[in-house]
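Ready for a few exercises on reading a protein structure? Keep the picture beside you, try each task on your own, and then follow the worked solution.

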Amino acid sequence: MKNSQYFIQWGTFHKGMDAKGIQASFANHLEYSLSKDQYTATFRDLYLALSLSVRDRMIERWIQTQQMYHDHDVKRVYYLSAEYLMGRVLINNLINMGMYPETIKAMSEFNVDLERLGALEPDMGLGNGGLGRLAACFLDSMATMEIPCHGYGIRYEFGIFDQAIRNLGQVEQPENWLKYGNPWEIARPEYSFPVKYYGWVEQTHLPDGKLKTKWVDTSDVIGVAYDIPIAGYDNYTMNTLRLWSARASNEFELKYFQHGDYLRAVEEKNISENISKVLYPNDQISEGRELRLKQQYFFVSCSIQDIIRRYFSEHKNFDDFSEKVAIQMNDTHPSLAVAELMRILLDVYDFQWEKAWAVTSRCCAYTNHTLLSEALEKWPVSLFEKLLPRHLQIIYEINRRFLRDVATLYINDTQRMNRMSIIEEGEEKKIRMAHLAIVGSHSVNGVAELHTRLLRERDLKLFDEMYPGKINNKTNGVTPRRWLLMANPDLAALLTRHIGPDWVKHKDQLKEIEALVEDNQFLEDFRTVKQKNKFRLARVAMELTGVAVDPATIFDFQVKRIHEYKRQLLNILHVVYCWLKLKKDPHFDMTPRTFMFGGKAAPGYVTAKTVIRLICHVAEMLNRDTSTRQRLKVLFLPNYRVSLAEKIFPAADVSEQISTAGYEASGTSNMKFALNGAITIGTLDGANVEIMESVGEDNIFIFGLTADEVTALGPNYNPHTFYEQDPYLKETIDLIYNGFFSPEETGLFQSLMDLLIHRDPYFVLADFEAYHHAQMQISELYKDQKVWTQKTILNMARMEKFYSDRTISEYNRDIWKAEPLKILLPPKVTA
């Protein structure tokens, strides 16, 4: 690699980081990259020119980072995730690169508003929720902590859908984030890999007796790499997110075109490119299920091939592979990595099974993100047989050997073997992907202490008994660079003024704020920042909904994916309940509050979409009531996404984390709210437990059943009893049931209320009284602004545990064991 080092030394390193240097690059890209001048340039052209100018400076560090990784033969972490919810990256990159102040100066001298430029950037919405945002936070932390890392995923042409509210219900619209191109990515067609589907398996015995296996007559797709640089904060590290895009192996059939069959001429191209077309195709239909499995294998196969290619650029054999490669599977979507690595080692490199298995299991690790059985993926054996016949053989052999191990440890325990088997028997045989990941990994981790305990004691108890110590905990975290420094610049400046800038990278520094809770001037400054953020959010809410909200009210938020276990239904029931009390009970005292909801429901999830409709119908009615709307308003903020979240978290007073105990693995919005000075009302679920332990029981409002109480109550639970015992609750449900909030369609919510009264699978009514009591405590506390502000400051000051930097340090210490490498830029050389 001497030639490349020569190229780096004689390249134009150290592009100007001051305002003049940024302006020069900006003007250069506007003219030579976009062919525009000051008369023809659109505002989007200005955004693109600035983004390319920033990317130039990132590329300098990027090339040097990868070169130093190669020269030092580092162990690399390969993070495989089907989701990356990156959001907008321009401002984030400017902050991490240390360019933000000079860029503001550079643009202001050109009379260009940097914030307005940043708002033009589409959200990179390659994810559905917390899973994808966690992956993005982890990439930021790994680059900041100088850990050699490559993220792998899919370059979906259409990410998570854009949500519109029409006729008081969710409507999905395609999210074409690539409509104007992506200035941050660089296509790498030289790193393209074939991915096989269908076909059949041919096995022959060689003269030496060995079995040779070939997967033949396959239908192939090409995976093309697109790279996005990931900047570390306050260092020169520039890691890589590599996303795969599907291309046809044969894009155009000229013979069909010449005969006028134009559709057939490009049929293979269209079918192949569907693989990376959209995030999570609808799996309610067989074609959608097949496409999902295709997607998962597509990015896993490309990634494993690329990992091996990179390894062999520095090594001659596999002897050090497991010492240089750490593969982290983010949930079950990439769990085919186990079978794919085995296939390549067995079929391409002629490994014996035992050696291949040793390499695979030493490299792979698995993060479990859910306690919901329906989210633990299972694929029909028949689909595998059709789509991935070689992998089915390998999985059967993995399972055969694994069950032998189970049988020798637990003699004649057939029930245990059935429950642990990778293959689920039944009318339709299925492959349990979580079991494949567990068996094929050297580490399995949960994402909060409660979640991990429930995995060990309940969901994965048998695996924990067989593999003591394999299941471990790594509580999730969030990056303070995006969620405080970038999202809440006024609060970040206030903190830096009082405790210095080290809190951005060093979590221990945050606790120094505690010493300021008796400082009246700091309390006043803190409230001023919060109020400014609330006014900003009020303007956003008006733009999105047309409803005016009062920043003097309590801003109460529940923003997250819409799901029954997250219990948006509990929240909106309570809103109606309070409204009724305001109307009928002259003694009911409630501090004025604005309840705001946000989140998307999966397109095929009827109940979740019905909950959205209920929230919107209730908002439509209650916001019209002139007798109560000064004290209570309801909004549903459409199209919740990263860029909207960045405005919500700084403005929040109350954070609703009210999932049924024992159902939320961790949650991360709870951490982002608290980091921005919001007080949590929540159950003892997910990371709420650890947040309570960190901030103190006096600084959080915990209510409701515990996970153990939910389990104990389950068989004997009668929700109708709770419905009958509280007249206001009964009237609330009856109003909804009888169509008061949907007079044009009176039966709209009857099935939802029937489910609540007769089954209530997520214990909404069981927790309702305790929830209301906690909400009234919040109302009372908010009246004392000094005490309220002190508690919000203590919440923020005690968030050190919930930095994603801490999470990553634990992953690296216990699982990956990759040595951080400080990146140094060579001195500027002029020819």
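**Exercise 1. Find the residue in strand 16 that stands opposite Trp 379, and then describe the sheet around this pair.**

Step 1. In this predicted model, the residue opposite Trp 379 is Ile 431 of strand 16.

Step 2. Now look at the two strands as a whole: strand 14 and strand 16, which covers residues 430-432, are antiparallel and share 3 bridges.

Step 3. Next, place them in their sheet. It is an open sheet of 3 strands with antiparallel pairing, and the order is 14-16-15.

Step 4. Finally, look at the edges. Strand 14 (378-380) and strand 15 (423-424) each have a single partner strand, so one side of each has no neighbour in the sheet.

**Exercise 2. Work out which way the side chains of strand 1 point, and whether they are buried or exposed.**

Step 1. Start with the general pattern: side chains in a regular strand alternate between the two faces of the sheet.

Step 2. Apply it to strand 1. Arg 76, Tyr 78 and Leu 80 point one way, while Val 77 and Tyr 79 point the other way.

Step 3. Check the cover. Strand 1 spans residues 76-80, and 5 of its 5 residues are buried. For a residue to count as buried, its relative accessible area must be under 20%.

**Exercise 3. Name the strands that pair with strand 1, and give the sense of each pairing.**

Step 1. Recall that strands of a sheet pair through backbone hydrogen bonds, either parallel or antiparallel.

Step 2. Take strand 12 (residues 325-330): it runs parallel to strand 1, and 5 bridges join the two. In this pairing, Leu 80 has Met 329 as its bridge partner.

Step 3. Then take strand 4 (residues 149-154), which is also parallel to strand 1, with 4 bridges. Here His 150 of strand 4 stands opposite Tyr 78.

**Exercise 4. Do the same for strand 17: which way do its residues point, and which strands does it pair with?**

Step 1. Strand 17 runs over residues 443-446; Ser 443 and Asn 445 point one way, Val 444 and Gly 446 the other, and all are buried.

Step 2. One partner is strand 13 (residues 364-367), joined to strand 17 in parallel by 3 bridges. Val 444 is the bridge partner of Tyr 366.

Step 3. Another is strand 18 (residues 471-473), which pairs with strand 17 in the parallel sense, again over 3 bridges. Asn 445 has Asn 472 as its bridge partner there.

**Exercise 5. Decide why Ala 407 counts as partly exposed, and say where it sits.**

Step 1. Ala 407 belongs to helix 16, residues 389-409.

Step 2. The relative accessibility of Ala 407 is 28%. Partly exposed residues lie between the cut-offs of 20% and 50%, so Ala 407 falls in this class.

Step 3. Look along the chain, too: Met 417 is 10 residues away from Ala 407, and their C-alpha atoms are 7.3 Å apart.

**Exercise 6. Step back and describe the whole protein: how many helices and strands does it have, and how compact is it?**

Step 1. Count the elements: there are 35 helices and 24 strands.

Step 2. Compare the size with the rule. The radius of gyration is 28 Å, close to the 28 Å that the globule rule gives for 831 residues, so the protein is as compact as a globular protein of that length.

Step 3. Add the cover: 60% of the 831 residues are buried.

Notes: Residues numbered from 1 in each chain as written. Predicted model: local features only at pLDDT ≥ 70, side-chain atom pairs only at ≥ 80, totals over all residues. Heavy atoms only, no water. Rg over C-alpha atoms; globule rule 2.2 N^0.38 Å. Buried < 20%, exposed > 50% of the residue type's maximum accessible area, 1.4 Å probe, protein only. Pairing = 2+ DSSP bridges.
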